[in-house]
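Q: Hey, can you walk me through this protein? I'm new to reading structures, so plain words please.

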Amino acid sequence: MAGVAVSTTINGDSVEYLCQPDETLLDVLRDRLGLTGAKEGCGTGDCGACSIILDDRLVCSCLVLGAEAEGRRVETVEGMAHGEKLHPLQQKFLEHAALQCGICTPGFLIAAKDLLAKNPDPTEEEIRFGLAGNLCRCTGYDKIVRAVQDAANVMKGA
Ligand code: FES
Ligand code: FES
């Protein structure tokens, strides 16, 4: 199969790559670009472990083709910290111990970032609704919700 040449922006950087027409964006990120933050839990759009933001929209990168990133803006978990300085969500996930195995964590962080960008002061119900597409088999979700509430408070005050 002939490759597809793609020019896109990932975490603010211009990126070019070649991929197969049927290759998912998740596979491109992980296997071609070394951005292994997004995880493959299911490969069918059900778990949210592969969540990224594509042109300000939260998507499952396992359901997007690498070729579809042409000319668009991709945000992954790797773009959240600034050097050594963690994003408030990352910091609060650590402080609240809102992770165990960590497989779901990058997806939750990106989904929570998207949620807070659109709703900086969410209720607990809105947080739970906003993160409903992300599954965690370890934490029981409460610590994740507390971490997002706490990060929202920090970000409001910033
Ligand atoms: S790996 Fe994409 S939703 Fe589960
Ligand atoms: S911390 Fe293990 S799946 Fe969420």
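What follows is a short chat about the structure shown above.

A: Sure. This is a predicted model, where local features need pLDDT of at least 70, side-chain atom pairs count only at pLDDT 80 or more, and totals for chains, interfaces and linings use all residues. Residues are numbered from 1 along each chain as its sequence is written, chains are lettered from A and ligands numbered from 1 in the order in which they are written, and side-chain values use heavy atoms, with hydrogens and water left out.

Q: Okay, what domains does the chain have?

A: The assignment gives domain 1 (4-79) and domain 2 (88-157); such bounds come from an automatic or database domain assignment. Their C-alpha centres lie 21 Å apart.

Q: How many residues does each domain put into the contact?

A: Domain 1 gives 15 residues and domain 2 gives 13, with contact meaning heavy atoms within 4.5 Å. About 1,100 Å² is buried between them, and carbon and sulfur atoms give 60% of that. Buried area is the accessible area (1.4 Å probe) that two parts lose on being put together, summed over both.

Q: Which residues of domain 1 stand out there?

A: Ile53, Leu58 and Val77 supply 38% of the area that domain 1 buries against domain 2, more than any other three residues.

Q: And salt bridges between the domains, how many?

A: One. A salt bridge is a side-chain nitrogen of Lys or Arg within 4 Å of a carboxyl oxygen of Asp or Glu. Lysine 113 forms a salt bridge with glutamate 75, and their closest N and O atoms are 2.6 Å apart.

Q: New topic: which residues have the most contacts inside the largest nonpolar core?

A: Leu89, Phe93, Phe108, Leu131, Ile144 and Val148, in a core of 23 residues. A nonpolar core is a set of buried Ala, Val, Leu, Ile, Met, Phe, Trp, Tyr and Cys residues joined through side-chain atoms within 4.5 Å. Buried means under 20% relative accessible area, exposed over 50%, and partly exposed in between (1.4 Å probe, protein chains only).

Q: Which elements give two or more residues to this core?

A: Helix H2 (88-95), helix H3 (105-118) and helix H5 (142-157). The largest share, seven residues, comes from H3. Helices (H or I, at least four residues) and strands (E, at least two) are DSSP runs, numbered from the N terminus.

Q: What does phenylalanine 108 touch?

A: Leaving out residues up to four places away in sequence, phenylalanine 108 touches Phe93, Leu131, Asn134, Leu135, Cys136, Tyr141 and Ile144. Apart from this core lies another one, of 20 residues, with Val28, Leu35, Val59 and Cys60 among them.

Q: Back to the start of the chain: which residues of helix H1 are buried?

A: In H1 (residues 25-32), Leu25, Leu26, Val28 and Leu29 are buried. Their cover includes strand S1 (4-10), strand S2 (13-19) and S3. Just after H1, glycine 34 takes a positive phi of about 70°.

Q: Is histidine 87 buried or exposed?

A: Histidine 87 is buried, with a relative accessible area of 12%. You'll find histidine 87 in the loop between strand S5 (73-75) and H2.

Q: Last one: where is glutamate 70?

A: In the loop between S4 and S5. Glutamate 70 is partly exposed, at 43% relative accessible area. Its C-alpha atom is 9.1 Å from that of glutamate 16, though the two are 54 residues apart along the chain. The side chain of glutamate 70 also reaches the backbone nitrogen of serine 7 at 2.8 Å.

How values were computed
A polar contact is a pair of N or O atoms within 3.5 Å; within protein, one must be able to donate a hydrogen and the other to accept it, and residues adjacent in sequence count only if both atoms are side-chain atoms.
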